[in-house]
Structure formats: structure tokens, C-alpha cells
Number of protein chains: 2
Amino acid sequence: MGTSSILDKYRQEINQLLVDIYPEGPRSLAKPIQYVLSGGGKRLRPILTLFCANACGGNKENAMPAALAVEILHNFTLVHDDIMDRDIIRHGQQTVHSKWDDGVAILTGDAMLSLALKLINQTSSLREKQMSLFIDGLLAVCEGQALDKEYEDQLNVSLDDYMNMIDLKTGYLIGLSAQIGATSANIDLDICLKLRNYGRFLGRAFQIQDDYLEIFSNSKEMGKSLKSDILLGKKTFLMIIALEKDRKIIENYLHIINKDFASGLAKIRDYLKESGIVEDTINEVNKNIELANKQINSLDIKKNDLLYLSELIRKRGS
Amino acid sequence: MGTSSILDKYRQEINQLLVDIYPEGPRSLAKPIQYVLSGGGKRLRPILTLFCANACGGNKENAMPAALAVEILHNFTLVHDDIMDRDIIRHGQQTVHSKWDDGVAILTGDAMLSLALKLINQTSSLREKQMSLFIDGLLAVCEGQALDKEYEDQLNVSLDDYMNMIDLKTGYLIGLSAQIGATSANIDLDICLKLRNYGRFLGRAFQIQDDYLEIFSNSKEMGKSLKSDILLGKKTFLMIIALEKDRKIIENYLHIINKDFASGLAKIRDYLKESGIVEDTINEVNKNIELANKQINSLDIKKNDLLYLSELIRKRGS
């Protein structure tokens, strides 16, 4: 089977297992949990876990609980982040806090986290290695999100600050997805760590690309609200470079955006293209994909599916 | 040293360890975490953990990580519950969402949970036993809180429903605190389970007493808002019996409370006293304390400190 067919097969299997993850329990929890976990999404993280397990000679069955756990952890962060960012659309459907209310969304996230922990805890031979990774991942995404919110109110956020923030908020969990798949194959620690780094660079590429797609796609395609991000003062790769290049112009455009969103956005888009920032951004994405691939090129593992995944991410925007 | 002095000593030690639990990290997380964990509270749960460890021949050092973890888990639920209930005061100080905002409070809770998990995960010899208990406890408190919120909008909540809800929301975690202390002493499983049941009955007594104290103390003493609970339609032991006894009168008083809180509350208090519901409530608290003590009376453990704790809880209201 080609990588693309394996990927589809895995995605279907993951989706089915996620829908059935919490059949019992109070309806006000079970319904939104099922709603979130059947809501689509690319399933990048669990597929990366399964691919890394395969690449290291492991098997799908041993890797699946951890794969589901990282996907649930990821969705837990989305449910809570959507409350904080007041986003009303995610993956083309209403967010939990907007369909129900904030209280339901907070609890839904919390309960999802316990389901993810249960999955990690169930495979006794791997529990010890995987639990520490998972708990550290949880703290990392909280810290990344905390910095993301702190930066909204800060005028001077450097590119280093930004990179550190996205490494915690996005890269850490994608790195964890790769590493936790490798651990399920019981392979050497140094290979696990290389795969973690592969995931982290992939995560950087993914987040910077997200920043780009958000400002250059319409909100339907991205499935979430660009407007709220810009109005909140969200710091993205492009906006940080733009603010460093010419703070006055950008502040002026943001001022226009507050009054007339469409015309302000058009001005910002033009500026980003003409100033070369768009080109820099695409280069940065490609650079990180290359860095990711470099981590695994020298490894004696079956890396074809992983390289396929790298290309899939690289081409996402085009 | 007498039990009362040991208790004070433990409480001080717990408080000190909690304040220092997360010195690094983004300020928007570190500050509210320290604020919550230095905010007072009786420390009933971690003290119960340490007392159970001692009672079973264990020691404080081995039990302390789990003791801190249950207290942090408990505080995590308070931070998130306070958002859902829109409570602005807790332990005599502003709640996190009211001092900062909802986003900070959501993240603070999430990060606290990861700190609690880290503590459980750090003691390698006990990790396996304690982690499962802890994860189940997390799901139980989520489910209990979910039911509590669901019941706010339901007219007919039976006493059985209520008991099931408080067993999940309050009893489960107090039972866990006891059990996890016993496991740290490596004692037989049946003793661990008896201590869990001891904790669960104690938890029932505690919650029913809380329901009583909330309606009969002023909000300063309880440190949280009675008004919000009544207006939200929170189901308590007393209100469920009252609604079963005479729905029309109570609904009339709740109607008055919406217009004139003080006079409506006075009417409800009078009714609860005159109808014998207050007496029933105090009897129910005592019954559960007795049931708790019965669990441990036949055990060959050092139970003095635990019986002291039972009495302390029994006398809390008087």
C-alpha cells in the first residue's frame, strides 16, 4: 500500500476509535466530547506517532493508545484555547463554548485530558517512559499558550521570543507525537530523540505556515477566525517581522483594520507581499522542513512515510 | 506530640512546599499558581493522606508527593469551578478569574494539573498504583461537576442523584486522598480500600455539612458566595429535601429571593428549621461520620489521628 492509502486508513481508524472513546458518563460531558472528537481535523499528530512507530520497526497496535492520547491532548488544548481566544469556528464547526457555554467547554477539556491520561496509563510496558513525556507535554502547551496570551498585550516581541513560544505551544506536542511513537517500538533513546527533533522542526514549519495561511486565506478555508486574532493583537511570524521592519506603517494599518476590516487587511496583505515578508516566511517554512528531514536522513529506520509527511506539510499552503 | 500539633506542623509544611512548587515559567502562569496555592484552605486532603500513611506504618516523606498532588488537584477543580459558577471569593480572597480573567484561570488550572501529575509520577516505586487512582479521580471530579451543573437546570433531582453527584464531586477525591496515603505505606489492598471508604463517607459528611453551612452562615465565614449558588439553582441536600417536602412553598421563597435576597433567605432558613430539615441534615452528617469511623474501627492500624480528624469535621459547624 502506498503512503497516501496507509495515511487514509490510519485516519479512518483513529476517527472511529476517537468517536467511541467516552460512551458513558454525564450527557453534558459525553455529548461535547464526542462532538469535538468527531469534528474532523487532519490527525497529523496521531498519524505521526503511528508512522514513527512503524519507521522504528514497531507496530500500530502498541502505538495506538499513545497516538489517540496525543490527539486528545491536542483537542483538549483547542477546546480551552478557543474559549480564551473567543473563537467561534474550528474545523468548520461551532466551537464547544459557542455551541454550549464556557463551563461546558472547560469541563469537556478537563475530562478529555483524563481520557488521554487513561490511554497512556493503560499500556503497562510503556507507561513509565510515555507518562513523563506526556505530562511534560501538557505543561509545555500550557506555557506556550500562556506566552501567546502574554504577547498579545506586548508591543515588542522578538523573533526569538516568538520561536520559543511556538516551540512550546506547537512544536513540543508534535515532537512528543513522534517520540512517543518511537518509544512504543522500544528503539534506542538517541533515535527517539532524533525523531522528537524531527517533530519539533516539523512543528515550527507547521506553525509558521499556519500564521501565513491565516492571513492569506479566507476564514472559511482556515476554519477559524482571522479577525479575532488580528484584533487581539496575536503575534505571528509575519506580524513580528513586519513590526520590526516598519512599526509605524503596520500600526497605522491595524488602526484602519479596527474601523474597516476588509480594507485594512488588504493593505496589510499588500505590504507583506511587497516588503518580501511573504517570501521570507515561505523560506522559513522550507528551512524547517529541511531541518526536520535532516534529523532522520542519517538514521537507519524506514523513513519513507515520514518524508512523505514532511512533503504533505510543505505543500499544505500551495 | 498531640494530634492537633502534628496537624498544624503538617499544614505548615504542606503550605511551604505548595508555595514553592512552580518558581519558573511564564509570569502569567507562575503568579496565579502561587496565588492559589498560598491562598489558605484547610488542607484536609493532604493531611488525610499523611495521616493514612502514618496509620499504616508508612512515613511522611514517601506520602508527601501524593499528598501535595491531591491538594493541587483539589485546587485545580476550585479554580475551574469558580469560573463556571462565577464565584468571586474563595478562602476569603478573590478568585483567579476575577483577579485576572477567565483565560488566565483556565490555563492556571490546566498547568496546576500537570504539576500534580508530575508529583505522582516522580515516586517510581509507587507510580503505577497511584497514577491510576489519580487519573480516575480526575475524571470523577469532572463528572461530578458536570452533574452538579446539569442539576442546576433540573427541577426533579432525587436524593439518590444528589448522593451520586457528591460522591463523584467531593467524596471520590477525599477517598482517593486516604487511599493514596495508604498505598504509600505498601499495606494490603483491603486496608487501602477500607481507608478509601473511610474517606468517601467523610467526604459525604463534609459536603452535606458544606451545604448546611453555606445556607446558615454569612458568606464571609464560608468565604464564597451563597447568593450565586441559590440564584443558579444549585441543588443541595437541604434544598432537595425541601423541594420534595413542599415544592410550592420553596418555589415561592425562591421567587422572593430573586427580588429581595435577605427576606427570601430568612424565609427559607425558617422553613428549613421548622420543618425539621436542619435536624435531618445534622443527623445525616453524623451518620456518615459514624459510617466512616466504622470502616476503620476493626482495622489493625494506628487510627487515633484519623478519629481525631473525623471529630474535627463533625464539629466544624458548631
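User: Is H4(A) mostly buried or exposed?
Analyst: In this predicted model, 22 of the 26 residues of H4(A) are buried, so the helix is largely enclosed by the rest of the structure. Buried means that 20 or more other C-beta atoms, placed from the backbone, lie within 10 Å of the residue's own, and helices are DSSP runs of H or I with at least four residues, numbered from the N terminus.

User: What span should it have, and what comes after it?
Analyst: Helix H4 of chain A (residues 60-85) should span 38 Å, at 1.5 Å times one less than its number of residues, and its end C-alpha atoms are 36 Å apart, which agrees. H4(A) is followed by A:Arg86, whose phi is positive, near 55°.

User: How is this numbered, and which residues count?
Analyst: Residues are numbered from 1 along each chain as its sequence is written, with chains lettered from A and ligands numbered from 1 in written order. Local features need pLDDT of at least 70 and side-chain atom pairs count only at pLDDT 80 or more, whereas totals for chains, interfaces and linings use all residues.

User: Switching to the interface, how many residues of chain B are in contact with chain A?
Analyst: On chain B, 30 residues are in contact with 30 residues of chain A, where contact means C-beta atoms, placed from the backbone, within 7 Å. The largest share of the chain B side, 12 residues, comes from H7(B).

User: And B:Ile120, what does it touch?
Analyst: B:Ile120, which lies in helix H6 of chain B, touches residues including B:Pro65, B:Ala69 and B:Phe134, not counting residues up to four places away in sequence. B:Ile120 is buried, with 26 other C-beta atoms within 10 Å.

Key
Two residues are in contact if their C-beta atoms, placed from the backbone, lie within 7 Å. Helices (H or I, at least four residues) and strands (E, at least two) are DSSP runs, numbered from the N terminus. A residue is buried if 20 or more other C-beta atoms lie within 10 Å of its own, exposed if 12 or fewer, and partly exposed in between; C-beta atoms are placed from the backbone.
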